[in-house]
Amino acid sequence: MQKDFPTLDRFDRSIVKVLAEDGRISVADLARKIGLSKSPTQARLKRLEADGIITGYRAMLDPIRLGLDHVAFVEVRLADTREKALAEFNAAVRKVAEIEQAHMIASNFDYLLKIRTGSMSEYRAVLAEKVSSLPHVASTSTFVAMEAVKETGMLGALNSTG
């Protein structure tokens, strides 16, 4: 199953890299940084948005200053891994605000969830009331993070792709 991905030239990649660092940059400043005039930069930006490369813009929040400094990684094993069960689990996970990330894993468990809360007691409530009641959950194992050593988002990967 091959997907069609638009080809990005060096200007497109430059736009994406700059926006990953500063999503509020003006088009004029963006054009100056990538070495194009404003009109072609604006056209490329609109095309990148239309092609789904740029999916939106948002503020980066500091979870620690917001009182959300408890991070737990949770291994989830499902009782049923047929497509219908996976789809039901995926849909339910998307509705749980405390789940920051959810990844299907090729391992002896099925999913790895990153859950962020304000405290261990809040996490225990999320685990008991939300995660454990997700469709088809057979068991969970929790790993509590003591410190985030690196959290850069996609910027690091973008910088290594040319």
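Which residue in β4 is the bridge partner of Val76? The partner is Thr140. This is a predicted model, in which local features need pLDDT of at least 70, side-chain atom pairs count only at pLDDT 80 or more, and totals for chains, interfaces and linings use all residues. Residues are numbered from 1 along each chain as its sequence is written, and side-chain values use heavy atoms, with hydrogens and water left out.

**Sheet**
- An open sheet is formed by four strands (DSSP E runs of at least two residues, numbered from the N terminus) in the order β2-β3-β1-β4, with antiparallel pairing.
- Strands pair if DSSP finds at least two bridges between them; β1 and β4 are joined by seven bridges.
- β2 (99-104) and β4 (137-144) are the edge strands, each pairing on one side only.
- α5 lies across β1, β3 and β4, where contact means heavy atoms within 4.5 Å.

**Helix packing**
- The axes (lines fitted to C-alpha atoms over the stretch in contact, with angles from 0 to 180 degrees between N-to-C directions) of helices α1 (residues 10-21) and α3 (residues 38-50) come within 10 Å and cross at roughly 75°; helices are DSSP H or I runs of at least four residues.
- The two are therefore roughly perpendicular, a term for angles of 65 to 115 degrees.
- Residues making this contact include Phe11 and Ile15 of α1 and Leu45 and Leu48 of α3.

**Nonpolar core**
- The largest nonpolar core (buried Ala, Val, Leu, Ile, Met, Phe, Trp, Tyr and Cys residues joined through side-chain atoms within 4.5 Å; buried means under 20% relative accessible area with a 1.4 Å probe, protein chains only) has 18 residues.
- Leu113, Ile115 and Leu134 have the most contacts inside this core.

How values were computed. Parallel < 35°, antiparallel > 145°, perpendicular 65-115°, else oblique. Buried < 20%, exposed > 50% of the residue type's maximum accessible area, 1.4 Å probe, protein only.
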